[in-house]
Amino acid sequence: MSFQVEVWGEYGCFSRPELKTERYTYDVMTPSAARGLLDAIYWHPGLRWVPERIFVLSPIRFASIRRNEVLSKISGSNVSSVMNGADRELYLCAKDEIVQRAATVLQDVHYVIEAHFEMTPQAAPSDNEGKFCDIMRRRLARGQCYVQPCFGCREFPAHFQAWAGGEIVTADPEGERDLGLMLYDLDYTDPQNITPMFFRAALKNGVLNIPAPGSQEVLR
C-alpha cells in the first residue's frame with residue numbers, strides 16, 4: 001500500500017555531494033531525503049520506506065543565504081577515550097571554530113511524497129503490514145513524529161499531513177526538466193565501505209519518478 005504525504009516549509013537544502021564547502025541544493029528533494037523525512041514521522045526496525053514519486057507543488061525557486069558553521073566536530077575517539085578515563089576536552093569553542101559560508105537553498109518548498117514500505121528481517125512475529133499502515137495513518141492524522149522532519153538541514157523544518165485526496169496539481173503540469181545525476185541513497189551493506197548510489201533524474205509534468213531499489217537505473 002502506498003501513502004501520499006504532503007510536506008511543506010519555508011526553505012530546503014538537499015546538498016549536492018560534489019559541492020561541499022559552499023552548499024548548493026538539488027532542484028528537488030532527493031529520494032534519501034524523502035525516506036529520512038518519513039522515518040522522522042514513523043520509524044520501526046521492521047519496515048523500510050521506499051519513495052516512489054515526488055510531486056512538486058510549488059515553482060522551483062532558489063535563494064542565496066549565509067550560514068554560520070563550525071570548522072570541526074568533536075572527535076569520536078576523544079569521546080571513547082574520556083569514557084575510558086582519559087583527560088581530554090569534549091567541547092568546541094564556537095568563537096574559534098565559527099566560519100560563515102554561503103548556501104544556495106530552495107525557497108517555498110511544497111511536495112507530495114508517494115511511498116510504500118517493505119517489511120524487513122527485523123520485524124517481530126506480531127508485526128504485519130496492516131498494523132504498520134494503521135499506525136502511520138494515526139500519526140499523520142495527529143501530526144505525530146519521533147523527531148522534527150526537515151528539508152535536508154535541521155534549521156529547515158518541514159510541516160506534514162496526509163494528502164487530502166483527489167488530483168495532485170503540480171507547479172509545472174506540462175513541462176519536462178532534466179535534473180542530471182541525483183543522489184539516490186547510500187548503501188550500508190558494508191559499513192567499512194559505504195557506497196553512494198545515483199540515478200538519472202527528470203521532472204516530467206512536475207513529477208519526479210524514483211526507480212525501484214535494485215533497478216538498473218540505479219548507478220553505483
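**Notes on helix α4 and the core around it**

1. A good place to start is the residue just after α4: G143 takes a positive phi of about 70°. Helices here are DSSP runs of H or I with at least four residues, strands are E runs of at least two, and both are numbered from the N terminus. Please keep in mind that this is a predicted model, in which local features need pLDDT of at least 70, side-chain atom pairs count only at pLDDT 80 or more, and totals for chains, interfaces and linings use all residues. Residues are numbered from 1 along each chain as its sequence is written, and side-chain values use heavy atoms, with hydrogens and water left out.

2. Helix α4 itself covers residues 129-142, 14 residues in total, and reaches 20 Å from first C-alpha to last. That is close to the 20 Å expected at 1.5 Å a residue, where the expectation is 1.5 Å times one less than the number of residues. At the N-terminal end, N128 acts as a cap, with a side-chain oxygen 3.1 Å from the backbone nitrogen of G130.

3. Which residues of α4 are buried? They are F132, C133, I135, M136, R139 and L140, with buried meaning under 20% relative accessible area, exposed over 50%, and partly exposed in between (1.4 Å probe, protein chains only). These residues sit on the same side of α4 because they cover an arc of only 165° around the axis, taken from the directions from the helix axis to the C-beta atoms. The face turned away from the buried side carries the exposed residues A141 and R142.

4. The buried residues of α4 pack against β1 (2-12), α1 (31-41), β3 (47-56), β5 (98-119) and β6 (159-162). Take M136: leaving aside neighbours within four places in sequence, M136 is in contact (heavy atoms within 4.5 Å) with F3, V5, L38, I41, Y42 and W49.

5. M136 also belongs to the largest nonpolar core, which has 48 residues. Such a core is a set of buried Ala, Val, Leu, Ile, Met, Phe, Trp, Tyr and Cys residues joined through side-chain atoms within 4.5 Å. V5, V28, M29, Y111, M136, F151 and L208 touch the most other members. Elements giving two or more residues include β1, α1 and α4, while β5 gives the most, with eight. Apart from this core lies another, of five residues, among them F55, L57, I168 and V207.

6. For the wider view, the protein has four helices and nine strands, and buried residues make up 40% of its 220 residues.

How values were computed
A polar contact is a pair of N or O atoms within 3.5 Å; within protein, one must be able to donate a hydrogen and the other to accept it, and residues adjacent in sequence count only if both atoms are side-chain atoms.
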